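Biologist: Could we go through this model together, beginning with the overall fold and then turning to some details?

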Amino acid sequence: MNSNLKELSFQQVDVFSSERMGGNPLAVVVDADDLDTSTMARFANWTNLSETTFLLKPTVPDADYRVRIFTPHQELPFAGHPTLGSCHAWLTLGGKPKQPVVIQECQAGLIGIRRDGDILSFLAPDLIKTGHIDNDLMKRVMSGLSLSPEMIVDASWVDNGPGWMALLLKSRDDVLRVRPNYQSISGLRVGLIAPCLGDVDGVDFEVRAFTAAGYEDPVTGSLNAGLAKWLISANLAPPSYIAAQGTVLGRSGRVHVRLESEDIWVGGNVVTCINGKAIL
């Protein structure tokens with residue numbers, strides 16, 4: 001083996017589901033301080049998961065650890081399921097938070113994460129872009145998703161970093177029937193949400209997420225955080241609810257949203273599926 005290579009603790013975890021292989025997978029490399037950006041990017045491209053994260057020592061006193069988040073093609077300042085999955089890996093490997101809430105450092109700043117029983121939740125970050133979606137862009141999205149104006153209740157930017165826009169549809173069936181034309185919406189990140197109205201026990205909303213890279217994300221923390229900020233503030237959702245995501249993909253994702261004071265917490269179960277070493 002190349003003497004320059006290192007064996008680093010590695011986990012592959014499943015986020016937003018209590019059932020293994022029911023949520024969104026994440027690769028986590030631990031103690032990655034000696035890896036350069038190029039190596040991180042190449043490994044994330046090789047895993048070919050929606051995100052791969054690298055845990056590092058924090059650079060600010062209040063943080064418990066630092067994380068860098070990579071898709072197969074780029075680094076992200078923040079993402080939801082990588083935040084929860086990284087925290088889970090850090091805790092299972094013996095991490096002890098300095099405060100009652102775990103503090104994660106990432107490019108987007110400091111993110112609070114807490115544990116309630118089996119649920120890990122992150123504090124939803126502020127939206128950096130909200131409000132009206134340009135008419136021409138809306139027409140492009142509607143065409144690419146084969147949506148008519150009658151199916152749409154409202155629409156808004158819900159961007160907390162990745163660049164999500166969101167459409168609130170009238171019914172769960174409308175959300176599940178969508179078959180996106182990815183060529184038409186290339187480069188856009190579009191989320192759909194609709195009330196379940198008793199269609200699924202214990203679930204209030206159905207969510208789908210179509211990425212800029214041309215695939216559907218199984219369960220998406222950043223989108224659900226943005227949706228919660230938008231819908232709760234607009235009185236379009238109750239202060240606490242559960243959203244299902246991944247149904248069309250055969251997943252059983254469940255996202256738990258709770259408003260406390262003025263803070264919105266977004267969480268779910270995380271389970272470890274692979275535990276071993278990465279040689280990098």
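Modeller: What follows concerns a predicted model, taken from the whole chain down to one helix and some aromatic rings.

Biologist: How many helices and strands are there in the protein?

Modeller: The protein has five helices and 18 strands.

Biologist: What radius of gyration does the protein have, and what would a compact globule have?

Modeller: The protein has a radius of gyration of 18 Å, which agrees with the value near 19 Å for a compact globule of 280 residues. Along the principal axes, its C-alpha atoms fill a box of roughly 60 × 40 × 30 Å.

Biologist: And what share of the residues is buried?

Modeller: Buried residues are 54% of the 280. The exposed surface of the protein is about 12,400 Å², with 47% of it supplied by carbon and sulfur atoms.

Biologist: Let us turn to H3. Which of its residues are buried?

Modeller: Helix H3 spans residues 135-145, and its buried residues are Leu137, Met138, Val141, Met142, Gly144 and Leu145. They lie on the same side of H3, because the arc they cover around the axis is only 165°.

Biologist: What covers the buried residues of H3?

Modeller: The cover includes four strands: S10 (152-159), S11 (164-169), S12 (189-195) and S13 (205-210).

Biologist: Which exposed residues are on the face turned away from the buried side?

Modeller: That face of H3 carries Asp136, Lys139 and Ser143.

Biologist: What is found at the start of H3, and what follows the helix?

Modeller: At the start, a side-chain oxygen of aspartate 134 comes to within 3.0 Å of the backbone nitrogen of aspartate 136. After H3 comes serine 146, with a positive phi near 55°.

Biologist: Changing topic, how many aromatic pairs does the structure hold?

Modeller: The structure holds eight aromatic pairs. One of them is formed by phenylalanine 10 and phenylalanine 43, edge-to-face, with 6.1 Å centre to centre and 90° between the planes. This pair links strand S1 (residues 7-15), which holds phenylalanine 10, to helix H1 (residues 37-47), which holds phenylalanine 43; the two are 33 residues apart.

Biologist: Are those two rings buried or exposed?

Modeller: Phenylalanine 10 is buried, at a relative accessible area of 11%, and phenylalanine 43 is buried at 9%. Phenylalanine 54 and phenylalanine 70 also form an edge-to-face pair, 5.7 Å centre to centre with 90° between the planes. Phenylalanine 54 is in strand S3 (residues 52-56) and phenylalanine 70 in strand S4 (residues 65-70), 16 residues apart. Both phenylalanine 54 and phenylalanine 70 are buried.

Biologist: Which residues do ring pairs link into a cluster?

Modeller: The cluster consists of Phe10, Phe43, Trp46, Phe54 and Phe70.

Notes: Residues are numbered from 1 along each chain as its sequence is written. This is a predicted model: local features need pLDDT of at least 70, side-chain atom pairs count only at pLDDT 80 or more; totals for chains, interfaces and linings use all residues. Side-chain values use heavy atoms; hydrogens and water are left out. Buried means under 20% relative accessible area, exposed over 50%, partly exposed in between (1.4 Å probe, protein chains only). The arc is that of the directions from the helix axis to the C-beta atoms. Contact means heavy atoms within 4.5 Å. A polar contact is a pair of N or O atoms within 3.5 Å; within protein, one must be able to donate a hydrogen and the other to accept it, and residues adjacent in sequence count only if both atoms are side-chain atoms. The radius of gyration is taken over C-alpha atoms; the globule rule is 2.2 Å times the number of residues to the power 0.38. Accessible areas come from the Shrake-Rupley method with a 1.4 Å probe; for residues, only the protein chains shown count as cover. Rings of Phe, Tyr and Trp (its six-membered ring) pair if their centres lie within 6.5 Å; planes under 30 degrees apart count as stacked, over 60 as edge-to-face and the rest as tilted.
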